[in-house]
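Here is a walk through one chain, with a few residues picked out along the way. Have the structure open while you read.

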Amino acid sequence: MLSLIQAAGWPIWPIIIASIVAIGIIGERMWTLRLNVISPKELLPKVLNEYRRNGVSAEMLTKLQKHSPLGQILAAGLKNVKSSREVMKESIEEAGRVIAHELNRYLTTLGTIAALSPLMGLFGTLVGMIEIFGSSSPAGSNPAQLAYGISVALYNAAFGILVAIPSMIFYRHFRAKVDDFVIEMELQALKLVEIVHGERDS
């Protein structure tokens with residue numbers, strides 16, 4: 001691996017740093033964006049059972065806010081349970097926007113890495129081309145410098161694409177996953193509003 005880095009020259013270091021950041025983001029988002037962490041399916045029935053037995057309490061709201069992102073959204077609605085349906089929905093929508101922003105954390109950085117990695121590879125290719133042209137002189141060409149320039153150009157182009165492809169795949173995967181979570185939480189929250197206001201039974 002060290003020999004590859006040496007052959008690729010100094011332009012490879014920004015690509016390596018970008019790859020480390022991308023791996024960190026991918027690992028963190030895979031751990032964070034799990035269904036049982038974001039939107040547990042059993043949460044709404046438990047909340048409804050407790051609401052029917054004891055109503056809304058400060059302790060209940062505190063537990064919900066600490067439970068999960070879905071819990072935070074449901075807590076926002078239950079805080080305004082005595083208000084009209086419209087007020088309750090507005091509070092849920094406001095909380096939902098904050099949660100959606102949190103779920104999208106770091107994804108802009110991952111998308112930027114996916115977009116910039118090929119450009120960083122192209123920059124390395126240009127540096128390699130400069131080395132290749134620099135190997136030529138009136139007295140003849142320098143084979144060692146020529147070979148180094150070619151290796152810099154090819155390795156940087158390859159590494160740039162190698163970083164960009166998985167970064168883009170995971171960026172799109174996580175964006176789609178976040179969208180699914182947001183829709184699911186909206187449906188759960190809407191169900192809570194309708195049940196609380198007597199518009200549906202369960």
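## Ala-189

Ala-189 sits in helix H9. The model is predicted, and in it Ala-189 has a relative accessibility of 1%, so this residue counts as buried; the cut-off for that label is under 20%.

Which residues does Ala-189 touch, once those up to four places away in sequence are set aside? The answer is Ile-73, Leu-74 and Ile-92. Leu-74 is worth picking out here: 115 residues separate Ala-189 and Leu-74 along the chain, yet their C-alpha atoms are 6.0 Å apart.

## Asn-156, also in H9

Helix H9 covers residues 143–196, and Asn-156 is part of it. Is Asn-156 buried or exposed? With a relative accessibility of 0%, Asn-156 counts as buried.

The side chain of Asn-156 has a polar atom 2.7 Å from the backbone oxygen of Val-152. If you skip residues up to four places away in sequence, Asn-156 touches Ala-8, Pro-11, Ile-12 and Ile-15, as well as Gly-121, Gly-124 and Thr-125. Two of the residues on that list, Gly-121 and Gly-124, are glycines.

## The chain as a whole

Time to zoom out. How many helices and strands does the chain have? There are nine helices and two strands. Reading from the N terminus, the order is α-α-α-α-α-α-α-α-β-β-α, which puts the two strands just ahead of the last helix.

The chain has a radius of gyration of 26 Å, while a compact globule of 202 residues would come in near 17 Å. The C-alpha trace tells you about the extents: it spans about 90 × 30 × 25 Å along the principal axes.

What share of the 202 residues counts as buried? That share is 40%. As for contacts, take those between residues at least 6 apart in sequence: 74% of them join residues at least 24 apart. The Ala-189 and Leu-74 pair, 115 residues apart along the chain, goes well with that picture.

## Surface and charge

The accessible surface of the chain adds up to about 11,700 Å², and carbon and sulfur atoms account for 63% of it.

On the charge side, the chain carries 19 positive and 17 negative charges. How far apart are the mean positions of the two sets? They are 5 Å apart.

## Ser-68, between two helices

Ser-68 belongs to the loop that links helix H5 (58–67) to helix H6 (69–79). A loop residue could go either way on burial, so where does Ser-68 fall, buried or exposed? Its relative accessible area is 4%, which means that Ser-68 is buried.

The side chain of Ser-68 makes a polar contact of 3.0 Å with the side chain of His-67. Beyond its neighbours within four places in sequence, Ser-68 is in contact with Val-37, Ile-38, Pro-40 and Leu-43.

## From H7 into H8

His-101 is in helix H7. Its relative accessible area is 60%, so His-101 is exposed. Between the C-alpha atoms of His-101 and Glu-184 there are 16 Å, with the two positions 83 residues apart along the chain counted as their separation.

Next comes Tyr-106, in the loop between helix H7 (85–103) and H8. What stands out about the backbone of Tyr-106 is phi, near 75 degrees: a positive value in a residue other than glycine. Tyr-106 is partly exposed, because its relative accessible area is 40%.

Helix H8 spans residues 107–134, and Thr-108 is found there. At a relative accessible area of 61%, Thr-108 is exposed; the label applies over 50%. Thr-108 and Trp-13 are 95 residues apart along the chain, and 21 Å separates their C-alpha atoms.

Thr-112 is in helix H8 too. Its relative accessibility is 38%, so Thr-112 counts as partly exposed. The C-alpha atoms of Thr-112 and Ala-7 are 26 Å apart, for a separation of 105 residues along the chain.

Definitions and conventions: Residues are numbered from 1 along each chain as its sequence is written. This is a predicted model: local features need pLDDT of at least 70, side-chain atom pairs count only at pLDDT 80 or more; totals for chains, interfaces and linings use all residues. Side-chain values use heavy atoms; hydrogens and water are left out. Helices (H or I, at least four residues) and strands (E, at least two) are DSSP runs, numbered from the N terminus. Buried means under 20% relative accessible area, exposed over 50%, partly exposed in between (1.4 Å probe, protein chains only). A polar contact is a pair of N or O atoms within 3.5 Å; within protein, one must be able to donate a hydrogen and the other to accept it, and residues adjacent in sequence count only if both atoms are side-chain atoms. Contact means heavy atoms within 4.5 Å. The radius of gyration is taken over C-alpha atoms; the globule rule is 2.2 Å times the number of residues to the power 0.38. Accessible areas come from the Shrake-Rupley method with a 1.4 Å probe; for residues, only the protein chains shown count as cover. Lys and Arg count as positive and Asp and Glu as negative; His and the chain ends are not counted. The place of a charge is taken as NZ of Lys, CZ of Arg, CG of Asp or CD of Glu.
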